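Trainee: I should like to work through this model with you, one question at a time. May we begin?

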Amino acid sequence: FRSLEQSGLREGEEFERESSQHSEDGRRFRPDVIIHLPDSKHIVIDSKVSLNAYTDYVNAEDDALREQFARQHCEAVRQHIRGLSDKAYQQLTGINSPDFVFMFMPVEPAFMLAFQRDAALFTEAFDKRIVVVTPTTLLATLRTVASIWAIERRNQSTEKLADQAGKVYDKLATVVERLE
C-alpha cells in the first residue's frame, strides 16, 4: 500500500492498517485499511482478492487454457465481491463509512481482464456497494482525500486564528474601556 504514503496521507492519523473491529454481534473483522475522513467519517479498503487464476491465465500456453483461467479469474473476483459485501464493513461498530467499500485490485491488467470479460461484474459490485479500484484509481482517490485533509487542517488553523484574534480584541477592548 505504497499508494497511501504516495498520496500524502499519514499512517496513524489519516489512515490505519489492519485494525481490529467488531460487529454488533461480537464478530471480529480486520479491514486492510481504514481511511479517516474529516467529521469522523471513514473509507474501508479491502485488498485480499485472489489473483491465482489470473497468474495461471498469463502463464497459460494455449488458448483453451487461457479461456478456462479467464473464466476462473472472473469467478474469483465475483466471489470476492460477494464475500466482501457479506462482511458489511461499513456497518461495523465505530466505522462511520459511506455506504460502500473499496476493493483494491493491485494488478491493473487483472482488473481489465475481469471487467472486460464479464461486464456484469461492475453492476454486481455496484449493487453490493463495492467500488473496485486499481493502483491508478486508488491513488487519485487518496490524493483527493489528502486534499480534503489539507483543507480541513487549514480550516482548523483559521478557526484557531480567529479565536485568538477574538481574545486579543476582547482584551484590547477591556484595556480601552479602562483607559476611558
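Trainee: Is Arg129 buried, partly exposed or exposed?

Mentor: The model is a predicted one, and the answer rests on computed accessibility. Arg129 has a relative accessible area of 42%. Buried requires under 20% and exposed over 50%, so Arg129 is partly exposed.

Trainee: Which sign does the phi of Arg129 have, and about how many degrees is the angle?

Mentor: Arg129 is found in the loop between α5 and β7. Most residues other than glycine have a negative phi. Arg129 is not a glycine, yet its phi is positive, at about 65 degrees.

Trainee: Where is Glu18, which also has a positive phi although it is not a glycine?

Mentor: The phi of Glu18 is about 45 degrees. At 43% relative accessibility, Glu18 counts as partly exposed. Its place is in the loop between β1 (15–17) and β2 (21–22).

Trainee: How many helices and strands are there in the protein?

Mentor: From the N terminus on, the order of elements is α-β-β-β-β-β-α-α-β-α-α-β-α. Counting each kind gives 6 helices and 7 strands.

Trainee: What percentage of contacts in the protein between residues at least 6 apart in sequence join residues at least 24 apart?

Mentor: Contacts here are pairs of residues with heavy atoms within 4.5 Å. Taking those between residues at least 6 apart in sequence, the share that joins residues at least 24 apart is 63%.

Trainee: Which element gives the most residues to the largest nonpolar core?

Mentor: This core holds 28 residues, of which Val77, Met103, Met105 and Ile130 touch the most other members. The elements that contribute two or more residues are α2 (52–59), α3 (63–87), β6 (101–104), α4 (108–117), α5 (120–127) and β7 (130–133). With 6 residues, the element that gives the most is α3.

Trainee: Which residues does Ile130 contact, leaving aside its neighbours within four places in sequence?

Mentor: Ile130 is one of the members of the largest nonpolar core that touch the most others. Beyond its sequence neighbours, the contacts of Ile130 are Ile81, Leu84, Ser85, Val101, Met103 and Ala125.

Trainee: How many residues does the other core, which lies apart from the largest one, have?

Mentor: Leu4, Ile45, Val133 and Leu142 are among its members. The number of residues in this other core is 13.

Trainee: Are α3 and α5 roughly parallel or roughly antiparallel?

Mentor: Their axes lie 10 Å apart, and the packing angle is about 10 degrees. Angles under 35 degrees count as roughly parallel, so α3 and α5 are roughly parallel.

Trainee: How do the residues of the contact of α3 with α5 divide into nonpolar, polar and charged?

Mentor: From α3 come Cys74, Val77, Arg78, Ile81 and Arg82, which meet Ala120, Leu121, Glu124 and Ala125 of α5. The arginines and the glutamate fall in the charged class. The division is therefore 6 nonpolar, no polar and 3 charged.

Trainee: Which elements do the buried residues of α4 pack against?

Mentor: The buried residues of α4 are Ala110, Leu113, Ala114 and Phe115. The elements against which they pack are α2, α3, α5 and β7.

Trainee: Which side chain does the side chain of His36 join through a polar contact of 3.4 Å?

Mentor: His36 is in strand β4 (residues 33–37). It counts as buried, at 18% relative accessibility. The partner in this 3.4 Å polar contact is the side chain of His42.

Key
Residues are numbered from 1 along each chain as its sequence is written. This is a predicted model: local features need pLDDT of at least 70, side-chain atom pairs count only at pLDDT 80 or more; totals for chains, interfaces and linings use all residues. Side-chain values use heavy atoms; hydrogens and water are left out. A nonpolar core is a set of buried Ala, Val, Leu, Ile, Met, Phe, Trp, Tyr and Cys residues joined through side-chain atoms within 4.5 Å. Buried means under 20% relative accessible area, exposed over 50%, partly exposed in between (1.4 Å probe, protein chains only). Helices (H or I, at least four residues) and strands (E, at least two) are DSSP runs, numbered from the N terminus. A polar contact is a pair of N or O atoms within 3.5 Å; within protein, one must be able to donate a hydrogen and the other to accept it, and residues adjacent in sequence count only if both atoms are side-chain atoms. Axes are lines fitted to C-alpha atoms, for helices over the stretch in contact, and angles run from 0 to 180 degrees between N-to-C directions. Angles under 35 degrees count as roughly parallel, over 145 as roughly antiparallel, 65 to 115 as roughly perpendicular and the rest as oblique.
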